Structure formats: structure tokens, C-alpha cells
Amino acid sequence: MEEGNKVGDTKKSKVMVAIDESECSHYALKWALENLGDSIAKSELVIFNAQSLADYSYITAASYGVTPPELIQNLQENQKKAALALLDRAKNICSKLGVVAETLTEVGDPKETICQAVEKLDIQLLVLGSHGRGALKRAFLGSVSNYCVHNAKCPVLVVRKPA
């Protein structure tokens with residue numbers, strides 16, 4: 001038999017909650033912890049944050065085409081610090097409910113980065129918050145949750161915060 005397929009093997013499943021700075025993503029995390037309690041307790045929980053690729057063209061334009069590399073590096077470091085603080089806040093929410101969570105952040109287009117992380121980490125369930133945008137806003141801004149529902153290699157649970 002191959003490793004991991006033995007009878008009685010208790011390999012834990014993995015659940016990933018993708019969060020950003022929005023209130024709806026933190027609601028989704030809390031909802032998952034409260035409503036999927038047994039499933040979460042029996043799984044490895046990964047809290048994931050995708051740091052958007054920042055557009056620094058406004059800095060280049062403001063500095064007449066010469067952007068000091070230190071400025072961009074400082075902006076990227078600040079973005080990473082903000083992401084780590086966000087993940088730390090989420091980890092504290094988990095620990096208050098007795099749940100141990102692993103945290104991870106990566107830089108990239110959020111919808112693609114989330115789906116890549118799902119595949120790379122062998123996630124069995126992805127939980128996302130919904131911003132509750134209307135059809136017009138989704139058409140112009142896109143929808144991370146919609147993209148993940150159609151492209152993630154696992155079931156996706158989209159949690160919408162009540163109005």
C-alpha cells in the first residue's frame with residue numbers, strides 16, 4: 001500500500017479560510033469557527049491572506065519617472081506588516097475559541113493566489129467571505145469568491161454577512 005492510504009490512517013483534512021481587511025472576511029472566519037466547530041476541530045486550519053500586487057505607477061508619475069527603490073521596498077514591507085497583523089488578529093480569534101490555526105500570506109492577485117494555495121496545500125474546504133456586491137460592481141471589479149467557486153480544486157463555502 002502507498003503511504004497515506006493505510007487502513008486506520010488518520011490524516012487530518014485541511015480547511016482554509018481566506019481573509020482580507022474587510023469585515024465580511026472576519027465574519028466568515030467567525031462563522032466557520034462557530035458553525036463548523038467539529039469539522040474545524042478535526043482538521044488543520046489554515047488562515048490565508050493574499051497581498052494584492054500593488055500598483056506603484058502613481059509614485060513613478062509623481063516622481064517624474066524615477067522611483068527610488070527604497071520607497072517601493074518600504075511600501076512592500078508596510079504591506080507585509082499589515083498582512084501579518086491581520087493574520088495575527090485572525091489567529092487570536094481562533095485561539096479564543098480554542099482552535100489552533102496556521103497562518104500564511106503570499107503576494108499576488110488574490111483570486112489566483114488563493115486557488116494556487118488551495119492546490120499547493122492540498123486543502124479540502126475553502127471558506128471565503130462575500131462582499132455582497134451587486135451584479136454591476138461584480139462586472140467591473142470582479143469577484144474573488146466567484147472566481148474561487150469556479151476554479152478552486154476543492155469545495156468552496158462562501159459566507160455572506162447578514163445585512
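## Strands side by side

Let's begin in the sheet, where strand β1 (residues 13-18) runs parallel to strand β2 (residues 43-51), the two being joined over 6 bridges. One spot to look at is Lys 14, which stands opposite Glu 44 in β2. Please keep in mind while you explore that this is a predicted model.

β1 also pairs with strand β4 (residues 125-130), again in the parallel sense, over 3 bridges. Here Val 17 has Val 127 of β4 as its bridge partner. On the β2 side, β2 and β3 run parallel and are joined by 7 bridges, and Leu 45 has Ala 101 in β3 as its bridge partner.

## The whole sheet

Put together, the strands make an open sheet of 5 strands in the order β3-β2-β1-β4-β5, with parallel pairing. β3 and β5 stand at the edges with a single partner strand each, so one side of each has no neighbour in the sheet. On average, neighbouring strands of this sheet are turned by 25° against each other, direction ignored. As background, strands of a sheet pair through backbone hydrogen bonds, in either a parallel or an antiparallel way.

Where does this sheet sit in the chain as a whole? The protein chain has 7 helices and 5 strands, and along the sequence they follow the pattern β-α-α-β-α-α-β-α-β-α-α-β. Of the 163 residues of the protein chain, 34% count as buried. Among contacts between residues at least 6 apart in sequence, 78% join residues at least 24 apart.

## Helix α1 against the sheet

Which strands does α1 touch? This helix packs on the sheet and touches β1, β2, β4 and β5, with its direction making about 135° with that of β4. The 13 residues of α1 should span 18 Å at 1.5 Å a residue, and the end C-alpha atoms are indeed 18 Å apart, which agrees.

The buried residues in α1 include Cys 24, Ser 25, His 26, Ala 28, Leu 29, Ala 32 and Leu 33. A general point helps when reading such a list: an α-helix has 3.6 residues a turn, so residues three or four places apart point the same way.

## Two salt bridges

A search of the whole structure finds 2 salt bridges. In one of them, the side chains of Lys 161 and Glu 23 meet at 1.9 Å, N to O. Lys 161 lies in the segment after β5 (156-160) and Glu 23 in helix α1 (residues 23-35), so this pair ties together parts that are 138 residues apart in sequence. Lys 161 counts as partly exposed at 33% relative accessibility, while Glu 23 counts as exposed at 56%.

Glu 106 and Lys 120 also meet through their side chains in a salt bridge, at 3.0 Å, N to O. This pair links distant parts of the chain, with Glu 106 in strand β3 (residues 101-107) and Lys 120 in helix α5 (residues 110-121), 14 residues apart. Glu 106 is partly exposed, with a relative accessible area of 21%, and Lys 120 counts as exposed at 58% relative accessibility.

## Cysteines without a disulfide

How many disulfides are there? The count comes to 0. For reference, a disulfide is a covalent bond between the sulfur atoms of two cysteines.

Cys 154 shows the reasoning well: the closest cysteine sulfur, in Cys 115, is 8.2 Å from the sulfur of Cys 154, too far for a bond, because a disulfide needs the two sulfur atoms within 2.5 Å. Cys 154 counts as buried at 11% relative accessibility. Cys 94 is buried too, at 0% relative accessibility.

## Leu 126 and its surroundings

Is Leu 126, found in strand β4, buried or exposed? Leu 126 is buried, with a relative accessible area of 0%.

Setting aside neighbours within four places in sequence, Leu 126 is in contact with Met 16, Ala 18, Ile 114, Val 118, Cys 148, Ala 152, Cys 154, Pro 155, Val 156 and Leu 157. One of these partners, Ile 114, is 12 residues away along the chain, and its C-alpha atom is separated from that of Leu 126 by 9.0 Å. Cys 154, discussed above for its lone sulfur distance to Cys 115, is also among the contacts of Leu 126.

Conventions: Residues are numbered from 1 along each chain as its sequence is written. This is a predicted model: local features need pLDDT of at least 70, side-chain atom pairs count only at pLDDT 80 or more; totals for chains, interfaces and linings use all residues. Side-chain values use heavy atoms; hydrogens and water are left out. Two strands pair if DSSP finds at least two bridges between them. Helices (H or I, at least four residues) and strands (E, at least two) are DSSP runs, numbered from the N terminus. A salt bridge is a side-chain nitrogen of Lys or Arg within 4 Å of a carboxyl oxygen of Asp or Glu. Buried means under 20% relative accessible area, exposed over 50%, partly exposed in between (1.4 Å probe, protein chains only). The expected span of a helix is 1.5 Å times one less than its number of residues. Axes are lines fitted to C-alpha atoms, for helices over the stretch in contact, and angles run from 0 to 180 degrees between N-to-C directions. Contact means heavy atoms within 4.5 Å.
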